[in-house]
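Here's a quick look at one protein and the ligand that comes with it. Have the sequence and the 3D view open while you read.

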Amino acid sequence: MTLTLYPDLPILESDRLILRKMTLEDAPDLFEYASDPEVAQYTTWYPHQSLEDSHIFLNSVLENYQTPKGFNWGIIHKDHSKLIGTCGLVDWVQSDHYAEIGYALARPYWGQGYMPESVKAVVAFSFQETDLNRIEGRCKLPNHASARVMEKVGMKFEGILRQQMFIKGSFHDMKLYAILREDWEKLSK
Ligand SMILES: CC(C)(COP(=O)(O)OP(=O)(O)OC[C@H]1O[C@@H](n2cnc3c(N)ncnc32)[C@H](O)[C@@H]1OP(=O)(O)O)[C@@H](O)C(=O)NCCC(=O)NCCS
């Protein structure tokens, strides 16, 4: 199957979470955690300063839903009926059948396995329903929590990309992880 068969982002469901399209109505929940400097410590984006920043982000997400770049899910906590994070595929290179995964979660929900649960759902969707062959993830060296998420979902550490990203004014070494379709098929048996 190809990307063009997915003009609408499908809803993904796991035990505790629903992953769905974001809307502008998610702005207050998004702002609540995206304004937290600890959440933004290792991200490419700065903490949101106002609700307007969250609207700008959501508008870019909504625009991307109209293009093949639009695979960014809002993570909804089923019991709390609240947006608690995002998880999505970025930099999808159709000719090489790979994409990169990116995510962030509200701080009160850290350490309870919510992001591994979300990433597993996105990876399963990707290998079951699209023609992706490889999903990569990168994190800064001190971001142990993100590295652990990738290890927990079966992504393999492939090395350190020296000064690969220029983020917030300086170059950063990045840890590279990836899972191949064949890795996922073995894990799913
Ligand atoms: C990275 C992140 C998504 C992890 O999500 P999560 O759902 O908390 O993941 P897990 O529950 O599997 O915990 C992963 C690791 O976080 C660390 N951790 C656990 N509780 C924590 C807490 N309260 N505070 C900080 N780190 C914590 C532990 O090292 C844990 O690994 P372990 O289970 O082997 O002990 C989340 O910390 C986050 O959103 N961080 C800010 C945004 C970000 O860095 N995004 C990734 C950019 S590459």
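Where does UniProt place the feature "domain: N-acetyltransferase"?

## The annotated domain

The unreviewed UniProt entry puts that domain at residues 17–182. Keep in mind that the model is predicted. Within it, residues 17–182 are 30% helix and 37% strand, and the C-alpha atoms at the two ends of the span lie 26 Å apart.

## Who sits around the ligand

There are 20 residues around the ligand, and the ones that come nearest are Leu105, Gly111, Gly113, Arg148 and Lys152. By character, the shell splits into eleven nonpolar, six polar and three charged residues.

## Polar contacts and cover

Ligand oxygen atoms turn up in several polar pairs. Start with Arg148, already listed among the nearest residues: an N or O atom in its side chain is 2.6 Å from a ligand oxygen. The side chain of Asn143 also has an N or O atom 2.9 Å from an oxygen of the ligand. With Tyr114 it's the backbone that takes part, with an N or O atom 3.4 Å from a ligand oxygen.

How much of the ligand does the protein cover? On its own the ligand has 930 Å² of accessible area, and the protein covers 72% of that.

## Which elements build the shell

Four elements each give two or more residues to the shell: the strands β5 (98–105) and β6 (134–140), plus the helices α3 (114–129) and α4 (144–152). The top contributor is α4, with five residues.

Methods: Residues numbered from 1 in each chain as written. Predicted model: local features only at pLDDT ≥ 70, side-chain atom pairs only at ≥ 80, totals over all residues. Heavy atoms only, no water. UniProt positions renumbered as here; feature names shortened; annotations may be inferred. Near = heavy atom within 4 Å. Polar contact = N/O pair within 3.5 Å; in protein donor to acceptor, adjacent residues only side chain to side chain. Areas by Shrake-Rupley, 256 points an atom, 1.4 Å probe, with all protein chains shown as cover. Nonpolar A, V, L, I, M, F, W, Y, C, P; charged D, E, K, R; others polar.
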